[in-house]
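Reader: I want to see how the labels are earned. Show me the structure, then let me ask.

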Amino acid sequence: MGLTAVDLLANELSVHGQFHDDWSFRDAISRLMRMWNVAQRHCNMIHCARGFRNVEPRPGVRLEPALRAVPPDERRLFLSWLNKGGPFWDDSRRHGPDEWLQCRGEVVTDSSVGEAAFRSLSGSGCGLVSLKPSNWDYTPVRVFRRHGDEEPPAERADLPNWRDPESLAEGLRAIPPSVRTWWDFQREIRRYPNLRFAPGCMDPLDGLPFSDGAVRELLRRLDVLNRFAGLRDGTRKKRQLREKHFVGRKAWFSDSSDDEKVKFGQKMTFRHPDKPGETLFCPWHGKVKIQQLRIHFSWPETPIYVVYIGQKLTRR
C-alpha cells in the first residue's frame, strides 16, 4: 500500500434520530452508498466504526430495523460494509480514550470525528463523510485537542466533511495520486510553484527506506513553505504562518544554532541554483522526526530555494 492521501471516516454522529419518515432515511442511505462508490473509484475506502450499527435513525429505532425501508440491493451492500467487511477504523485506531477531543463544546473522543481529528493532527490526511440532513451538514468540522484546561486549546483540526457524492468526487480528484516511492515523492514538487528546488536536492533520499509517514510530514511542511513563499511580506496571513510554524519550541521550521553553524557550516552551504560560482548558506530547515529528515532552504531572502531534503546534516 502506498501513501493514502486522505482517510475517509463515516461520521456516525450524523445519525441522531433526525429521520422521521422512510423516504428521507432511504434517500440519505442511498446518497451515502453513492459516496462509497465514489471513494472506491478513486482507490479509497470509507472506514466506519464498529459501533455504527448502534445508531438510531429514528428515536428509539436502531439502524438495522430502520434499514427495512431501504431497497434490498442497497441494504445488502450497506450491511456487508457495516457488519462484515468494514473496513473498520477501530482496527487501526490511533487515539486513546484519555484524549480530550472537543467539537462545538462537546467531547468527541471515541467517535469517528475524534479519530479523524487525531489522525489529521498526527500528520495523516483525514476527512469525514456525513449523512444529511443532520446537525453535521457543514464543512469544515473544527475539532480541538486539549491538554488540560489551557485556553485557547493546544491544537485544532479543520476536517473536510463531505455530504454528497459530487463534492466528494471533486475533493478526491484534487488529491494527488498515491506516493509509493521516493521517486513518486520527487514528482510532487510540481504542487509547489512558489518554491525553487535546486537540482539534486532530493538525492540524499536515495538509499533510505521509503516511509509513508515521512512523506506525509515532508509534504505538509513543503505545503506551508509554499504558501508562505506566495504571500506578500507584512500581510496578516504571512504573519500568522510565521507565528504558527517558525516560532517556538515545537515549530516546524527553525534556524540552526550558532554552534551548529560553526561546526556544520560547510554542510549547510550549497551551490546557488541560478548563479554559477555563488553559494547559499541555508541553516534554516524544516524538521521531520521520522528518520530525522530535514528540509534546508534559503530564508529570509526571496525567492525561497529548497536546496536539501534528506537526513539531518548536524548529526554528531
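**Rings, charges and burial**

Author: A search of the whole structure, a predicted model, finds 15 aromatic pairs.

Reader: Why is the pair of phenylalanine 52 and tryptophan 81 called tilted?

Author: The ring centres of phenylalanine 52 and tryptophan 81 are 6.3 Å apart, with 55° between the planes. Centres within 6.5 Å make a pair, and planes under 30 degrees apart would be stacked, over 60 edge-to-face. The value of 55° fits neither, so the pair is tilted.

Reader: What makes this pair a tie between parts apart in sequence?

Author: Phenylalanine 52 lies in the loop between β2 (46-47) and α2 (63-66), while tryptophan 81 lies in helix α3 (residues 72-85). The two parts are 29 residues apart in sequence, so the pair ties them together. Both phenylalanine 52 and tryptophan 81 are buried.

Reader: Why are tryptophan 182 and phenylalanine 185 called edge-to-face?

Author: Their planes are 75° apart, and their centres 6.1 Å. The angle is over 60 and the distance within 6.5 Å, so the pair is edge-to-face. Tryptophan 182 and phenylalanine 185 are 3 residues apart in helix α6 (residues 182-187), so about one helical turn separates them.

Reader: How do you know whether tryptophan 182 is buried or exposed?

Author: Buried means under 20% relative accessible area. Tryptophan 182 has 8% relative accessibility, so it counts as buried. Phenylalanine 185 has 1%, so it counts as buried too.

Reader: What is odd about glutamate 12, and how do you know that it has no salt bridge?

Author: Glutamate 12 is buried yet has no salt bridge. The nearest side chain of opposite charge, arginine 93, is 9.0 Å away. A salt bridge needs a distance within 4 Å, so arginine 93 does not qualify.

Reader: What makes the link between glutamate 12 and serine 112 a polar contact?

Author: The two side chains come to 2.5 Å. The cut-off is within 3.5 Å, so the distance passes. Glutamate 12 itself lies in the loop between β1 (7-10) and α1 (22-41). Beyond its neighbours within four places in sequence, its contacts include Phe52.

Reader: Why is arginine 104 said to sit over the ring of tryptophan 136?

Author: The charged end of arginine 104 is 4.2 Å from the ring centre. The distance must be within 6 Å, so that part of the test is met. Lysine 238 sits over the ring of phenylalanine 228, with its charged end 4.7 Å from the centre. Phe228 also belongs to an aromatic cluster, with Trp284 among its members.

Technical notes
Residues numbered from 1 in each chain as written. Predicted model: local features only at pLDDT ≥ 70, side-chain atom pairs only at ≥ 80, totals over all residues. Heavy atoms only, no water. Helix = DSSP H or I, 4+ residues; strand = E, 2+ residues; numbered from the N terminus. Buried < 20%, exposed > 50% of the residue type's maximum accessible area, 1.4 Å probe, protein only. Lys, Arg positive; Asp, Glu negative; His and termini not counted. Polar contact = N/O pair within 3.5 Å; in protein donor to acceptor, adjacent residues only side chain to side chain. Contact = heavy atoms within 4.5 Å. Phe/Tyr/Trp six-rings, centres within 6.5 Å; stacked < 30°, edge-to-face > 60°. Lys NZ or Arg CZ within 6 Å of the ring centre and 35° of its normal.
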